[in-house]
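Reader: I have a model open and want to go through its side-chain contacts. Can you take my questions as they come?

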Amino acid sequence: MARTEKGSDESTASKLEELRKLRDEALHAGSSAAVERHHAAGKLLARERAERLLDPGSFVELDRYVRHRESNFGMLERRPYGDAVVTGYGTVFGRKVFVFSQDFTVFGGSLSEVFAEKICKVMDLAAKFGCPVIGINDSGGARIQEGVVSLAGYAEIFWRNVQSSGVIPQLSLVLGPCAGGAVYSPAITDFVFMVEGSSYMFITGPDVVKTVTGEEVTFEELGGAATHAAKSGVAHFISPDEEACLDDARYLLSFLPQNNVDPPPFTEPSDPRDRQDPELDTLIPDEPTKPYDIKAVIRRVVDDGEFLEIHERFATNIVCGLARLGGHPVGVVGNQPQSLAGVLDIDSSVKAGRFVRTCDAFGIPLVTFVDVPGFLPGTAQEWGGIIRHGAKLLYAYAEATVPKLAVITRKAYGGAYDVMSSKHIRADFNFAWPTAEVAVMGPEGAVNIVFRRELDTADDPDARRAELIEDYKDRFANPYTAAERGYVDDVIEPRTTRPVLIDALETALTKREPRPPRKHGNIPL
């Protein structure tokens, strides 16, 4: 009996030792040279990134012993455990998330059949359990040795991105190269993060661009973080290094719900709910064409002045971001007078439209600060499709069923007034500051059109024009005409904006708005 127990103990010890060796082998799948190059470039390894992203000690790895198929062309001699991606789950601020992290030190992070299967598994689990999924991208693309199988793997990932869209939050952290078909997965997800100097996204690289078009362009110019943050709008956030990027992703998640059924996470505010800010009373310049910073307004209103801006460098004439009001996460949209006078154009319409739809998908109420002179005129805008793109923002606001609050701070002219969360497209509570003007257009333009013939025959056209402009201002350069018709619920003192919005928000949180039966709407893409 003793011999049997001893034999059993030896067998168990042997199996445990085998497990430890396999685990160590899986932990060091990349060659030492590749790991050294990666660290020398200032990059974390795939598993280090996952562990750094998640709460300390919470990462649980899945499929660490998966290996690529033996039938792969030219790769029979090397079949590392885990292949080229680390997958698993953990917590961020105590809430469960699923994560995959591509490993550039193993086959250049190239996507194989089992690589895709590992990612698809965590995506399926995230959708099943109603948890956010975070993808850390650092890959050389499809694994050539596997041919069309690797392309099929990409398509399986794309399909899951679409099925989970608007159901669970999906974040993409691009911490290395991401090229060709691989870029479409991040493009479908809700938020894209990039790091300056080390992240790249493009459909075709500089060499192909030069061959086809003759253009000479660097990796950074073609698809670097700064390019996608300011020019293309592909990147929602850019960070100076990987650690900052991982922290930014964690911070973003603190505003988002686990899924489209759960409410956004409430945080007990330290900022008094009834706090007033007298400086808001004098923030709007007396001169109607003089700019001011709408972000200064936003920060004075929201909890503790904390405002996470999204697409900070793209379409700067409109500001979008996440904040809290009375502890409740809200999506904030505001025209920015400091950039193009806050006018709406193609890029700002697309930027804000996408943000509004994201908030609506995840039950995040919307707060809109309106100071808009209209849509940007010109052939470039018209030929570029401002009608179609402007309609996206209109559609997004009209479609949204979350609580919608709006504050008109100064101008609200023309069709842009309608688009910016007006009462007519079913905003719930609309307020105006005493400085607000709601009209078809500005005084000068209106007088020149309406009284053109009278001015042409007037003895003193300039004096008559000035007189008519003053009359127009008396009638429309105030919020009371709109308030008379109920288009504005109340004209408030700017200093009271915070408590007024918090009260309106908490009133609207129980909002239920039925939708007409349909498969889906047909937004003007």
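Author: Yes, with one term settled beforehand: buried means under 20% relative accessible area, exposed means over 50%, and partly exposed is in between. Also, this is a predicted model.

Reader: Fine. By that scale, is R357 buried, partly exposed or exposed?

Author: R357 counts as partly exposed, because its relative accessibility is 34%.

Reader: Which residue does R357 meet in a salt bridge?

Author: E399; the N to O distance between the two side chains is 2.9 Å. R357 belongs to helix 12 (residues 346–361) and E399 to helix 14 (residues 386–399), so this salt bridge ties together parts that are 42 residues apart in sequence.

Reader: And E399, buried or exposed?

Author: E399 counts as buried, at 18% relative accessibility.

Reader: Which residues are joined into a salt-bridge network?

Author: D271, R275, D303 and R498 are joined into one network by salt bridges that share partners.

Reader: How many salt bridges does the structure hold?

Author: The structure holds 30 salt bridges. One of them is between D247 and R52, with the closest N and O atoms 3.0 Å apart. D247 is in helix 10 (residues 242–253) and R52 is in helix 3 (residues 46–53), so the pair ties together parts that are 195 residues apart in sequence.

Reader: How accessible are D247 and R52?

Author: D247 is partly exposed at 37% relative accessibility. R52 is partly exposed too, with a relative accessible area of 31%.

Reader: What does K210 pair with?

Author: The side chain of K210 forms a salt bridge with that of E216, at 3.4 Å from N to O. K210 counts as partly exposed, at 45% relative accessibility, while E216 counts as exposed at 64%.

Reader: Switching to cysteines. How many disulfides are there?

Author: The structure holds 0 disulfides.

Reader: Why is C245 not bonded to C178?

Author: The sulfur of C178 is the closest cysteine sulfur to that of C245, but it is 13 Å away, which is too far for a bond. A disulfide would need the two sulfur atoms within 2.5 Å. C245 is buried, with a relative accessible area of 0%.

Reader: What about C320?

Author: C320 is in no disulfide either; its nearest cysteine sulfur belongs to C359 and is 8.3 Å away. C320 is buried, with a relative accessible area of 1%.

Reader: Aromatics next. How many pairs?

Author: There are 10 aromatic pairs. Among them is a stacked pair of F429 and F431, 6.4 Å centre to centre with 10° between the planes. F429 is partly exposed, with a relative accessible area of 26%, whereas F431 is buried at 7%.

Reader: Which rings form a cluster?

Author: Y89, F98 and F129 are linked into a cluster by ring pairs.

Reader: Which charged ends sit over rings?

Author: The charged end of R250 is over the ring of F93, 4.6 Å from the ring centre. The charged end of R324 is over the ring of F255, 4.2 Å from its centre.

Reader: Last one. Which residues make a nonpolar patch on the surface?

Author: L16, L19 and Y65 make a nonpolar surface patch of about 230 Å². Y65 is placed in the loop between strand 1 (60–62) and strand 2 (85–92). Y65 is partly exposed, with a relative accessible area of 31%. Patch residues need over 30% relative accessible area, so Y65 passes that cut-off.

Note on methods:
Residues are numbered from 1 along each chain as its sequence is written. This is a predicted model: local features need pLDDT of at least 70, side-chain atom pairs count only at pLDDT 80 or more; totals for chains, interfaces and linings use all residues. Side-chain values use heavy atoms; hydrogens and water are left out. Patches are made of residues with over 30% relative accessible area and no salt bridge: like charges are joined within 9 Å, nonpolar side chains (Val, Leu, Ile, Met, Phe, Trp, Tyr) within 5 Å. Accessible areas come from the Shrake-Rupley method with a 1.4 Å probe; for residues, only the protein chains shown count as cover. A salt bridge is a side-chain nitrogen of Lys or Arg within 4 Å of a carboxyl oxygen of Asp or Glu. Helices (H or I, at least four residues) and strands (E, at least two) are DSSP runs, numbered from the N terminus. Buried means under 20% relative accessible area, exposed over 50%, partly exposed in between (1.4 Å probe, protein chains only). Rings of Phe, Tyr and Trp (its six-membered ring) pair if their centres lie within 6.5 Å; planes under 30 degrees apart count as stacked, over 60 as edge-to-face and the rest as tilted. A charge sits over a ring if NZ of Lys or CZ of Arg is within 6 Å of the ring centre and within 35 degrees of the ring normal.
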